[in-house]
Amino acid sequence: MKTLLTLCLLVSFLGQAQNFEGFHATMSLQDAKELKKDVPAQVEILKEYRNEAVVYMTEEASHLLHDRVLVHGPGYIFMPSLEAAIEAVEHPRNRARNSLLSFSITEDVAVDAAINVINTQNIENHILELEGYGTRYHTMASATQAAEDLKVKWEDMAASYSRTDVSVRLFNHSGTGMPSVIMTITGAEIPEEFVVVGGHLDSTSSQGNDDAPGADDDASGIATITEAVRALFETNFVPKRTIEVMAYAAEEIGLVGSNEIATQYDNNNVDVIAVGQFDMTNYNGSTNDVSLITDFTSGNLNLFMMNLMDHYNASGEHAITYATSLCNYGCSDHASWTGRGYWSTFPFEANFGQHNGSIHTAGDVYSLSGTAVHATKFAKLCAEFLIEIAKSEGSLGVPDVSVNTTLLVNVNQGVLQYDIQGSSQEFDALQVHDLQGKLVLNKGIETNQGQIALPEMSTGIYVVSLASAQQNSISQKVLVK
Ligand code: BES
Ligand code: ZN
């Protein structure tokens with residue numbers, strides 16, 4: 001029945017479109033409407049989906065588009081059929097996954113303000129408060145109580161800064177009686193695009209689940225994201241995109257809460273463009289501060305995290321050092337999002353194996369870590385992540401590299417060929433990093449397409465990134481043999 005209906009709709013769309021000879025395409029809804037005004041007889045808007053449109057237009061109309069200066073995208077994307085066009089706009093994530101969305105760093109003013117007000121004492125207080133439940137094991141009444149109390153705490157925090165753009169809800173699950181908690185800061189300009197940060201609220205102990213203080217695993221993560229968001233409020237940051245802050249239920253029994261949430265978001269086609277996971281942030285076990293977990297996460301987002309820390313935390317009082325590490329399994333809630341095709345990143349407290357050895361015991365208490373100084377660094381990184389991906393309302397639109405922009409790279413006998421397709425921006429710098437984040441090549445370029453001789457490099461996978469004069473960047477992995 002549903003198929004029949006879709007078919008009828010398709011036929012009626014096609015009917016409309018057959019008044020002239022043309023082709024199908026997807027493009028920004030705003031551009032489509034402007035084009036329709038200019039040449040009404042040469043373009044049909046067949047479907048509107050969020051801020052995108054499926055159109056049928058003449059060759060002539062498309063030339064007209066090319067001649068215009070488009071400020072928010074590459075113009076249009078040719079689609080071989082109506083079905084393909086509808087598929088593309090209805091599943092933007094799939095497209096983002098295949099091409100290379102990347103993010104720009106433009107919000108220095110907002111970020112500097114926010115990271116200056118991140119408060120270590122607040123993080124300590126919050127960890128102690130959560131530890132005080134004794135256990136947050138998902139079946140215990142105290143776990144549900146902790147979720148209900150966190151909802152009130154977040155509501156009060158938003159209210160104390162008079163934030164009418166914020167709401168907090170409990171997300172009830174089928175796999176556990178404990179609810180998750182979700183705070184939503186509705187985006188002022190692009191509310192349909194989401195940036196998520198989260199951590200798990202539940203705890204566990206192999207010595208008996210009635211004594212599972214879970215101070216590091218993961219009261220620290222909840223305290224970290226809460227303080228990051230408080231800093232956003234204190235500095236009056238209003239996001240363009242929607243921000244969601246999540247305290248997941250029942251992570252410890254197999255990512256139950258985050259899986260149900262990611263599944264629901266996927267089924268509802270919620271356009272989550274990036275997810276940050278904060279699970280264990282307060283034990284300083286390695287020489288580097290942050291270990292970016294590179295399995296079950298997005299390489300592009302991890303690279304963006306490195307770019308953030310290079311930009312904001314290279315030295316001085318906000319300095320953060322980083323390395324990469326592996327969990328070797330889907331060890332926390334980021335894996336739920338990754339499993340649904342969303343892009344996630346997981347900055348972790350230490351290299352795997354050097355992390356807090358007291359987790360999952362009655363000994364996972366705050367006093368073991370001394371202060372919340374380590375978690376403070378993660379709160380800064382969290383604020384940077386949220387601000388740079390959600391962007392400030394009214395920030396002078398440096399256009400993000402479109403999700404439709406593609407970077408093709410190839411290495412052959414020591415020569416790197418690159419080709420950026422689908423972008424009107426001019427790219428002027430090319431960098432190559434190894435997977436540990438070490439810069440191996442930094443070169444100026446003059447065209448969006450070209451080739452560069454590589455220095456002597458050992459065999460392996462590298463990340464090639466190109467930056468535009470508009471401060472955007474796009475990256476792609478390449479195998480050097
Ligand atoms: N915080 C841990 C994950 C973790 C532990 C990451 C040590 C890195 C080092 C998380 O709460 C957890 O315990 N995860 C489970 C797996 C999950 C699928 C139940 C684990 O690691 O056993
Ligand atoms: Zn755990």
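A residue counts as buried when its relative accessible area is under 20%, as exposed when that area is over 50%, and as partly exposed in between. With that in hand, welcome to a set of close-up views of a predicted model.

**View 1. The whole chain, before we zoom in.** The protein chain holds 13 helices and 20 strands. Of its 481 residues, 57% are buried. Take the contacts in the chain with a separation of 6 or more: 77% of them come from residues 24 or more positions apart. The accessible surface comes to about 19600 Å², and carbon and sulfur atoms account for 51% of it.

**View 2. The zinc ion (ligand 2) and the residues that hold its protein donor atoms.** Which residues supply the protein donors here? They are Asp217 (OD), Glu252 (OE, listed twice) and His360 (NE2), at 2.0 to 2.4 Å from the zinc ion. Along the chain, the donors follow the spacing D-x34-E-x107-H. Glutamate 252 sits in the loop between strand 8 (241-248) and helix 10 (256-267), while histidine 360 sits in the loop between strand 13 (347-348) and helix 13 (373-390), so this pair ties together parts that are 108 residues apart in sequence. The site has 6 donor atoms, and with angles of 58 to 153° among them it is classed as irregular. For comparison, six octahedral donors would ideally show angles of 90 or 180 degrees.

**View 3. Two zinc-site residues and their cover.** Is glutamate 252 buried or exposed? Glutamate 252 has a relative accessible area of 19%, so it is buried under the 20% cut-off. Histidine 360, at 29%, is partly exposed.

**View 4. A cis peptide bond beside a zinc donor.** Aspartate 217 and aspartate 218 are joined by a cis peptide bond, with omega at about 5°. Asp217 is also one of the residues that supply donors to the zinc ion (ligand 2). Its partner in the cis bond, aspartate 218, belongs to helix 9 (residues 215-234).

**View 5. Helix 9 and its buried glutamate.** Of the 20 residues in helix 9, 19 are buried, so this helix is largely enclosed by the rest of the structure. Look for glutamate 227, which is part of helix 9 and is buried with a relative accessible area of 4%. What does the side chain of glutamate 227 make a polar contact with? Its partner is the side chain of arginine 230, at 2.8 Å. Leaving aside residues up to four places away in sequence, glutamate 227 touches Val117, Ile118, Asn119, Asn122 and Ile123. After helix 9 comes asparagine 236, which has a positive phi near 55°.

**View 6. An edge-to-face pair linking a strand and a helix.** The model contains 7 aromatic pairs. One of them joins phenylalanine 194 and tyrosine 265 in an edge-to-face arrangement, 6.3 Å centre to centre with 85° between the planes. Phenylalanine 194 lies in strand 7 (residues 190-200) and tyrosine 265 in helix 10, so the pair ties together parts that are 71 residues apart in sequence. Phenylalanine 194 is buried at 14% relative accessibility, and tyrosine 265 is buried at 4%. These two residues also belong to one aromatic cluster, formed by Phe194, Tyr265, Trp337 and Tyr342.

**View 7. Another edge-to-face pair.** Phenylalanine 346 and phenylalanine 348 make an edge-to-face aromatic pair, 5.5 Å centre to centre and with 65° between the planes. How accessible are the two partners? Phenylalanine 346 is buried at 1% relative accessibility, and phenylalanine 348 is buried at 5%.

**View 8. Loop residues with a positive phi.** Leucine 255 has a positive phi near 60°, though it is a residue other than glycine. Leucine 255 lies in the loop between strand 8 and helix 10, the loop that also holds glutamate 252. With a relative accessible area of 12%, leucine 255 is buried. Phenylalanine 296, likewise not a glycine, has a positive phi of about 60°. Where is phenylalanine 296 found? Its place is the loop between strand 10 (290-293) and helix 11 (299-312). Phenylalanine 296 is partly exposed, with a relative accessible area of 40%.

How values were computed. Residues are numbered from 1 along each chain as its sequence is written. Chains are lettered from A and ligands numbered from 1 in the order in which they are written. This is a predicted model: local features need pLDDT of at least 70, side-chain atom pairs count only at pLDDT 80 or more; totals for chains, interfaces and linings use all residues. Side-chain values use heavy atoms; hydrogens and water are left out. Helices (H or I, at least four residues) and strands (E, at least two) are DSSP runs, numbered from the N terminus. Buried means under 20% relative accessible area, exposed over 50%, partly exposed in between (1.4 Å probe, protein chains only). Contact means heavy atoms within 4.5 Å. Accessible areas come from the Shrake-Rupley method with a 1.4 Å probe; for residues, only the protein chains shown count as cover. Donors are N, O and S atoms within 2.8 Å of the metal (3.2 Å for Na, K and Ca); water is not among the atoms, so sites may look incomplete. Four donors count as tetrahedral if all angles lie between 85 and 135 degrees; four count as square planar and six as octahedral if opposite donors are over 155 degrees apart and all others between 65 and 115; anything else is irregular. Rings of Phe, Tyr and Trp (its six-membered ring) pair if their centres lie within 6.5 Å; planes under 30 degrees apart count as stacked, over 60 as edge-to-face and the rest as tilted. A polar contact is a pair of N or O atoms within 3.5 Å; within protein, one must be able to donate a hydrogen and the other to accept it, and residues adjacent in sequence count only if both atoms are side-chain atoms.
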